[in-house]
Amino acid sequence: MAGYLSSDTRKVTTHRLIEMKQRGEKISMLTSYDYTTAQIVDGAGVDVILVGDSASNVMAGNVTTLPMTLDQMIYHGCSVMRGVKRALVVVDMPFGYYQAAPYDGVQNAIRMMKETGADALKLEGGEEIIETIRRIIGAGVPVMGHLGLMPQSINKYGTYAVRAKDDAEAEKLVNDARLLEEAGCFAVVLEKIPAVLAERVAKELTIPVIGIGAGGGVDGQVLVVADMLGMSKGFSPRFLRRYADLHTIMTDAIGQYVTDVKSGDFPNEQEQY
Ligand code: KIV
């Protein structure tokens with residue numbers, strides 16, 4: 001059987017992720033936003049569970065991640081934590097709670113850690129928020145960085161197209177990645193950038209680089225769980241591999257339930273008291 005049930009049941013720590021990079025073992029990471037999904041994802045052996053602010057799109061139906069509040073992320077973080085035994089749980093800091101000033105960022109980071117019990121936080125950005133990241137880490141909170149396509153900045157980009165294709169943006173990204181490592185981040189997510197650039201960053205940094213749409217030359221991969229399970233329809237970026245078609249499976253099952261209720265087939269004699 002695949003997954004940790006057959007092998008290593010030790011809790012994943014930030015330190016163990018760095019060891020995995022050192023011995024060339026790829027890191028698996030998936031999102032979860034609720035208890036039931038987190039139990040399945042953890043039980044299947046995923047190393048890192050991200051309580052992503054993509055909950056805004058996936059759970060709440062928003063067009064962007066920007067509307068997420070601190071309270072909402074804390075709610076999702078608590079739900080996931082109740083379902084996880086082994087994976088390292090990282091919670092996204094939502095838009096507007098760390099960009100303005102380091103003091104606010106530290107206060108909000110501490111509140112998130114206290115109330116969720118999560119292992120770490122993820123913040124989007126490089127040089128612009130480096131002082132905030134330093135202080136959050138200084139307060140004892142492990143931080144995962146996030147560069148490349150940063151969905152919280154979608155209104156600045158105006159498009160979800162591949163980032164860092166030109167030299168200037170690529171050099172800034174490399175510099176930002178170095179700054180994140182120097183500041184003490186334990187890992188960095190690179191989203192939707194050329195594979196060659198992502199591989200260069202992964203080779204240069206000693207901390208793990210986790211890619212989404214960043215090719216295979218990095219230290220691990222992350223996907224949004226609803227996308228890789230095929231629950232979402234109409235979102236088919238090139239980097240997405242669908243491992244199931246849950247949309248069809250769930251629609252068929254629910255359709256059968258409707259038919260059974262309408263026909264009186266459900267419940268039968270064994271399904272009542
Ligand atoms: O919020 C999220 O799901 C993310 C991943 C896409 C990395 O940040």
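# A parallel barrel and its ligand

Strand E7 (residues 209–212) is joined to strand E8 by two bridges, and these two strands run parallel. They belong to a barrel that eight strands close in the order E1-E2-E3-E4-E5-E6-E7-E8, with parallel pairing, and the twist from one strand to the next averages 25 degrees. The model described here is predicted, and the points below take up the barrel strands, the surroundings of the ligand, and some details of the backbone.

**Strands of the barrel**

- As background, the strands of a sheet pair through backbone hydrogen bonds, and this pairing can be either parallel or antiparallel.
- Strand E6 (residues 187–191) pairs with E7 in the parallel sense over four bridges, and within this pair Leu 190 has Gly 211 in E7 as its bridge partner.
- Gly 211 also has a bridge partner in E8, namely Gln 221, so that one can follow the pairing from Leu 190 to Gly 211 and then from Gly 211 to Gln 221.
- Strand E1 (residues 27–31) pairs with strand E8 (residues 220–223), again in the parallel sense, over four bridges, and Met 29 stands opposite Val 222 in E8.

**Surroundings of the ligand**

- Which residues are found around the ligand? They are Thr 31, Leu 50, Gly 52, Asp 53, Ser 54, Asp 92, Lys 122, His 146, Glu 191, Ile 212 and Val 224.
- When the residues of this shell are divided by character, three are nonpolar, four are polar and four are charged.
- Oxygen atoms of the ligand have polar side-chain atoms of the protein beside them: one from Ser 54 lies 2.5 Å from a ligand oxygen, one from Lys 122 lies 2.8 Å from a ligand oxygen, and one from Asp 53 lies 3.1 Å from a ligand oxygen.
- Taken alone, the ligand would expose 260 Å², and the protein buries 96% of that area.

**Helix H11 and the segment after it**

- Helix H11 (residues 246–263) is made of 18 residues, and the distance from its first C-alpha to its last is 25 Å, which is close to the 26 Å expected at 1.5 Å a residue.
- Just after H11 comes Gly 264, whose phi is positive at about 85 degrees.
- The segment after H11 also holds Pro 267, and the peptide bond that leads from Phe 266 to Pro 267 is cis, with omega near -5 degrees.

**A loop between two helices**

- Where in the chain does Ala 164 lie? Ala 164 is found in the loop between helix H7 (154–157) and helix H8 (167–183).
- The phi of Ala 164 is near 60 degrees, which is a positive value in a residue other than glycine.

Terms used: Residues numbered from 1 in each chain as written. Predicted model: local features only at pLDDT ≥ 70, side-chain atom pairs only at ≥ 80, totals over all residues. Heavy atoms only, no water. Near = heavy atom within 4 Å. Polar contact = N/O pair within 3.5 Å; in protein donor to acceptor, adjacent residues only side chain to side chain. Areas by Shrake-Rupley, 256 points an atom, 1.4 Å probe, with all protein chains shown as cover. Nonpolar A, V, L, I, M, F, W, Y, C, P; charged D, E, K, R; others polar. Expected span 1.5 Å × (residues − 1). Pairing = 2+ DSSP bridges. Axes fitted to C-alpha atoms, helices over the stretch in contact; angles between N-to-C directions.
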